[in-house]
Amino acid sequence: MKVILLFLAGALIGALVAFSAANTFGQRHAWPRGVMAVMQHHAAALRDARKQERCDAAATAPHWRILAAVGGDIEPAYASTGSVEPDFRRQAQAFSAATAQFAAEPPRDCAALDQALPKLKEQCDNCHRDYR
Ligand code: HEC
């Protein structure tokens, strides 16, 4: 009986520790995951705009601006969960630079958007290939 009680107490403590560790882990990664979720949303919005042929600068500029702004958070967000490699920093900066360029001069029509979207995807894919 005593052994069973001890075992149950051990299991309960183990579960509590695991739960609190998982919680801490989740909170620590909330910022980087949030950054990615916001970028995902605006990248999808740009693709939707293309599909619906709403390609003028007025329709897409807000998304480019947010991508550029949030891109500046990639490095600090990941740095908050641990150290980031110099190459990661370089990729994050390349992302910010590319999106800042599109925010400053948004594609004006669907042909231009067709050039820009693969470049955006390339930026996401490059970093994900190495770090995701
Ligand atoms: C400089 C690096 C970098 C760039 C650029 C980048 N990502 Fe990520 N992304 C990551 C890393 C690292 C992960 C995996 C770790 C994580 O989930 O936090 C990730 C994970 C994700 C996830 C999954 C998040 C989750 O909740 O699991 C999504 C969605 C995502 N990225 C979307 C994008 C999109 C869309 C772009 C381009 C517009 C992009 N990312 C550009 C580094 C990057």
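The following conversation goes through the helices, the core and a few single residues of a predicted model.

Colleague: What pattern does the chain follow, read along the sequence?

Modeller: The secondary structure of this predicted chain comes to 5 helices and 0 strands, and residues are counted from 1 along the sequence. Read in that order, the chain follows the pattern α-α-α-α-α.

Colleague: Are H3 and H4 roughly parallel or roughly antiparallel?

Modeller: Two packed helices are described by the angle between their axes and the distance between the axes. Helix H3, residues 57-79, and helix H4, residues 86-104, have axes 7 Å apart and pack at an angle of about 165°. Angles over 145 degrees count as roughly antiparallel, and therefore H3 and H4 are roughly antiparallel.

Colleague: How many nonpolar residues does the contact of H3 with H4 have?

Modeller: On the H3 side the residues that meet H4 include Trp64, Leu67, Gly71, Gly72 and Ile74, while on the H4 side they include Phe88, Ala92, Phe95, Ser96 and Phe102. Divided by class, this contact of H3 with H4 has 3 charged residues, 4 polar residues and, as the number asked for, 11 nonpolar residues.

Colleague: How far apart in space are glycine 72 and serine 96, C-alpha to C-alpha?

Modeller: Glycine 72 is found in helix H3, and serine 96 is one of the H4 residues in the contact between these two helices. Glycine 72 counts as partly exposed because its relative accessibility is 44%. Although glycine 72 and serine 96 are 24 residues apart in sequence, their C-alpha to C-alpha distance in space is 6.0 Å.

Colleague: Which element gives the most residues to the largest nonpolar core?

Modeller: In soluble globular proteins, nonpolar side chains tend to be buried together. The largest nonpolar core here has 22 residues, of which Met39, Trp64, Leu67, Ile74 and Leu120 touch the most other members. The elements that give two or more residues to this core are H2, H3, H4 and H5, and the one that gives the most, with 6 residues, is H3.

Colleague: Which residues does methionine 39 touch, not counting those up to four places away in sequence?

Modeller: Methionine 39 is one of the members of the largest nonpolar core that touch the most others. Leaving out residues up to four places away in sequence, methionine 39 touches Leu67, Val70, Gly71, Ile74 and Phe95.

Colleague: What is the handedness of the crossing of H2 and H5?

Modeller: Helix H2 covers residues 30-51 and helix H5 covers residues 110-131, and the two pack at an angle of about 155°, with their axes 10 Å apart. H2 and H5 are therefore roughly antiparallel to each other. Residues that meet across this pair include Met36, Leu46 and Arg50 in H2 and Leu113, Leu120 and His128 in H5. The crossing of H2 and H5 is left-handed.

Colleague: Does glutamate 53 count as buried or exposed?

Modeller: Glutamate 53 lies in the loop between H2 and H3, and its phi is near 55°, a positive value in a residue other than glycine. Most residues other than glycine have a negative phi. Because its relative accessibility is 61%, glutamate 53 counts as exposed.

Colleague: What percentage of the residues of the chain count as buried?

Modeller: A residue counts as buried when its relative accessible area is under 20%. Of the 132 residues of the chain, the share that count as buried is 28%.

Note on methods
This is a predicted model: local features need pLDDT of at least 70, side-chain atom pairs count only at pLDDT 80 or more; totals for chains, interfaces and linings use all residues. Side-chain values use heavy atoms; hydrogens and water are left out. Axes are lines fitted to C-alpha atoms, for helices over the stretch in contact, and angles run from 0 to 180 degrees between N-to-C directions. Helices (H or I, at least four residues) and strands (E, at least two) are DSSP runs, numbered from the N terminus. Angles under 35 degrees count as roughly parallel, over 145 as roughly antiparallel, 65 to 115 as roughly perpendicular and the rest as oblique. Contact means heavy atoms within 4.5 Å. Ala, Val, Leu, Ile, Met, Phe, Trp, Tyr, Cys and Pro count as nonpolar, Asp, Glu, Lys and Arg as charged, and the others, Gly among them, as polar. A nonpolar core is a set of buried Ala, Val, Leu, Ile, Met, Phe, Trp, Tyr and Cys residues joined through side-chain atoms within 4.5 Å. Buried means under 20% relative accessible area, exposed over 50%, partly exposed in between (1.4 Å probe, protein chains only). A crossing is left-handed if the near helix is turned anticlockwise from the far one by less than a right angle, and right-handed if clockwise.
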